[in-house]
Amino acid sequence: LLENFLHLHDFVNRRLKDVDCVNTQFQEGLALGGVKTSQDYLLLCTRRTWKELSQDYDGTEEDAQKLFCICDLMRLPGGKRTRASLYYDCGYRTLEDFSCQSKEELQRYMAQYIEENQMKRSVPFPKELDTQIAAAKVLPHWKPLGYRALRET
């Protein structure tokens, strides 16, 4: 049953050029370096620090960290750029952060965040959050070299 559940939501490797949450210069640097997909970037983050990534690919440490978080959150079922950005903006940085929440907490906090910031986004439905929380609990949690810095923000 668990195997079927995991295959139902296989990892969708997204193109980094479709993720517009960081500056274009950093994305172009990554593309020139052969890093073109979310999986490529997640793997790179396990071998390099935020500082190294920012220096080597012409960005900031914040760009490197944010792109990691967005790519990690996009691993959730139905987790495209817009939804992953909402989770990131609400303070959920990784699947590990996401998996520790209840759907009620997530809904309440996101609804409040959307209203306070007058965003044109919708709050995820309870069933979507149930599925995403369950997936976040069983999917492997990537540990970037900058993980300590990530947890401090």
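The accessible surface of the protein comes to about 8600 Å², and 49% of that area belongs to carbon and sulfur atoms. The model is a predicted one, and the exercises below work through its helices, its largest pocket and a few single residues.

**Exercise 1. The overall fold**

Determine how many helices and strands the protein has, and what share of its residues counts as buried.

*Solution.* Begin with the secondary structure, where one finds 10 helices and 0 strands; read along the sequence, this gives the pattern α-α-α-α-α-α-α-α-α-α. Next, turn to burial: of the 153 residues of the protein, 42% count as buried. Finally, consider the contacts between residues with a separation of 6 or more, of which 62% are made by residues 24 or more positions apart.

**Exercise 2. The largest pocket**

Establish the volume of the largest pocket, and classify the residues of its lining as nonpolar, polar or charged.

*Solution.* The volume of the largest pocket is about 160 Å³. Its lining is formed by Arg 15, Leu 16, Lys 17, Thr 24, Gln 27, Glu 28, Leu 30, Ala 31, Val 35 and Lys 36. Sorting these residues by character yields 4 nonpolar, 2 polar and 4 charged.

**Exercise 3. Helix H5**

Compare the expected span of helix H5 with the distance between its end C-alpha atoms, and decide whether the helix is largely enclosed or open.

*Solution.* Helix H5 covers residues 61-73, and at 1.5 Å a residue its 13 residues should span 18 Å. The end C-alpha atoms are 18 Å apart, which agrees with that expectation. For the second part, 10 of the 13 residues of H5 are buried, so the helix is largely enclosed by the rest of the structure. The buried residues are Asp 63, Ala 64, Gln 65, Leu 67, Phe 68, Cys 69, Ile 70, Cys 71, Asp 72 and Leu 73.

**Exercise 4. Ala 64 and its surroundings**

Find out whether Ala 64 is buried or exposed, and which residues it touches beyond those up to four places away in sequence.

*Solution.* Ala 64 is located in helix H5. Because buried means under 20% relative accessible area, Ala 64, with a value of 0%, is buried. Leaving aside residues up to four places away in sequence, Ala 64 touches Phe 26, Tyr 41, Trp 50 and Leu 53. In addition, the C-alpha atoms of Ala 64 and Ser 54 are 6.1 Å apart, although the two residues are 10 residues apart in sequence.

**Exercise 5. Backbone angles and loops**

Work out what is notable about phi in Asp 58 and in Gln 118, and then place each of these residues in the structure.

*Solution.* The background is that most residues other than glycine have a negative phi. Asp 58, although it is not a glycine, has a positive phi of about 65 degrees. Gln 118, likewise a residue other than glycine, has a positive phi near 45 degrees.

As to location, Asp 58 is in the loop between helix H4 (50-56) and H5, whereas Gln 118 lies in the loop between helix H8 (103-116) and helix H9 (126-138). At 45% relative accessibility Asp 58 counts as partly exposed, while Gln 118, with a relative accessible area of 72%, is exposed.

**Exercise 6. Gly 33**

Locate Gly 33 among the helices, and give the separation of its C-alpha atom from that of Asp 56.

*Solution.* Gly 33 sits in the loop between helix H2 (24-32) and helix H3 (38-45), and it is partly exposed, with a relative accessible area of 45%. Although Gly 33 and Asp 56 are 23 residues apart along the chain, their C-alpha atoms are separated by 8.9 Å.

Key:
Residues numbered from 1 in each chain as written. Predicted model: local features only at pLDDT ≥ 70, side-chain atom pairs only at ≥ 80, totals over all residues. Heavy atoms only, no water. Helix = DSSP H or I, 4+ residues; strand = E, 2+ residues; numbered from the N terminus. Buried < 20%, exposed > 50% of the residue type's maximum accessible area, 1.4 Å probe, protein only. Contact = heavy atoms within 4.5 Å. Areas by Shrake-Rupley, 256 points an atom, 1.4 Å probe, with all protein chains shown as cover. 1 Å grid on protein atoms, 1.4 Å probe; cavity = no way out; pocket = protein on both sides within 12 Å on 5 of 7 lines; lining within 4 Å. Points joined across faces, edges and corners; volume = space filled by probe spheres on them. Nonpolar A, V, L, I, M, F, W, Y, C, P; charged D, E, K, R; others polar. Expected span 1.5 Å × (residues − 1).
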